[in-house]
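The following note collects comments on the model under review. The points are numbered for ease of reference.

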Amino acid sequence: MVLLGLGLVVSSVVGMFEHVVAHLTLIVSFQSLILDMAGNVGTQSLAVTIRVLMDEQISGRQKLFLIGKEARVGLVNGLILGMLSVVCIGLYLVALKGQTVMMAFSVSLCTGIALLVSILLSSICGTAVPLAFKKMNVDPAVASGPLITTINDLVAVVSYYGLAWLLLIRVLHL
């Protein structure tokens, strides 16, 4: 029941950005890329963290190190995938969709930045949530997965549509 409520929260947040989607319908095409990658990264961080938590003797310092390590991995993955998406989406929009270079690379830059932000935050959430559940004596292997998926969706939607509103509509006036 709680997860259904969280799912409704995500849907409500998407609804808050309805004006952005109405103004720039093209950006919806890349929403699944960001949500899927954020979800994949969060799930991978969750798996790594659960594996580490099997060792009952993990210290607070080791937990902080684990969060830092996963954040660095998320940052590097986000940078690489973000840069690739800027180039590939920009070229795709120019060559196959007939968009102007300015429009194409503005949308691809927004998508790349949102991908970087959502991957970084998802890797941190994927590590922090199971650590928090372990601290509360809740089995992180059972409880973390659905919550992380919902949090990652929320982070990805807010990152993408928030950046689209700020960068594409408010700054570039597209």
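**Comments on the predicted model**

1. The sulfur of C125 lies 20 Å from the closest cysteine sulfur, which belongs to C110, and this is too far for a bond. The structure is a predicted model, and the distance is to be read accordingly. C125 itself counts as buried, since its relative accessibility is 19% and the cut-off for burial is under 20%.

2. C110 has its closest cysteine sulfur in C88, at 17 Å, again too far for a bond. C110 is likewise buried, with a relative accessible area of 1%. As a disulfide requires two cysteine sulfur atoms within 2.5 Å, neither the 17 Å separation of C110 from C88 nor the 20 Å separation of C125 from C110 qualifies. The count of disulfides by this rule is 0.

3. Which helix holds S118? The residue is part of helix α5, which covers residues 101-135. S118 has a relative accessibility of 0% and therefore counts as buried.

4. With what does the polar side chain of S118 pair? A polar atom of that side chain is 2.9 Å from the backbone oxygen of A114, and the cut-off for a polar contact is 3.5 Å. Setting aside residues up to four places away in sequence, S118 touches I34, A38, V155, A156 and S159.

5. As to the fold as a whole, the chain contains 6 helices and 0 strands. In sequence order the pattern reads α-α-α-α-α-α. Among contacts between residues at least 6 apart in sequence, 78% connect residues at least 24 apart.

6. The C-alpha trace extends over about 55 × 35 × 25 Å along its principal axes. The chain has 174 residues, of which 38% count as buried; C110, at 1% relative accessible area, is one of the buried residues.

7. The surface and charges may be considered together. The exposed area of the chain is about 9,400 Å², with 71% of it supplied by carbon and sulfur atoms. The chain carries 9 positive and 7 negative charges, and the mean positions of the two sets are 9 Å apart.

8. In summary, two points deserve to be kept in view when the predicted model is used. S118 is buried at 0% relative accessibility, with its side chain 2.9 Å from the backbone oxygen of A114. The cysteines C110 and C125 are buried, and the disulfide count is 0.

Note on methods:
Residues numbered from 1 in each chain as written. Predicted model: local features only at pLDDT ≥ 70, side-chain atom pairs only at ≥ 80, totals over all residues. Heavy atoms only, no water. Helix = DSSP H or I, 4+ residues; strand = E, 2+ residues; numbered from the N terminus. Buried < 20%, exposed > 50% of the residue type's maximum accessible area, 1.4 Å probe, protein only. Contact = heavy atoms within 4.5 Å. Areas by Shrake-Rupley, 256 points an atom, 1.4 Å probe, with all protein chains shown as cover. Lys, Arg positive; Asp, Glu negative; His and termini not counted. Charge placed at Lys NZ, Arg CZ, Asp CG, Glu CD. Polar contact = N/O pair within 3.5 Å; in protein donor to acceptor, adjacent residues only side chain to side chain.
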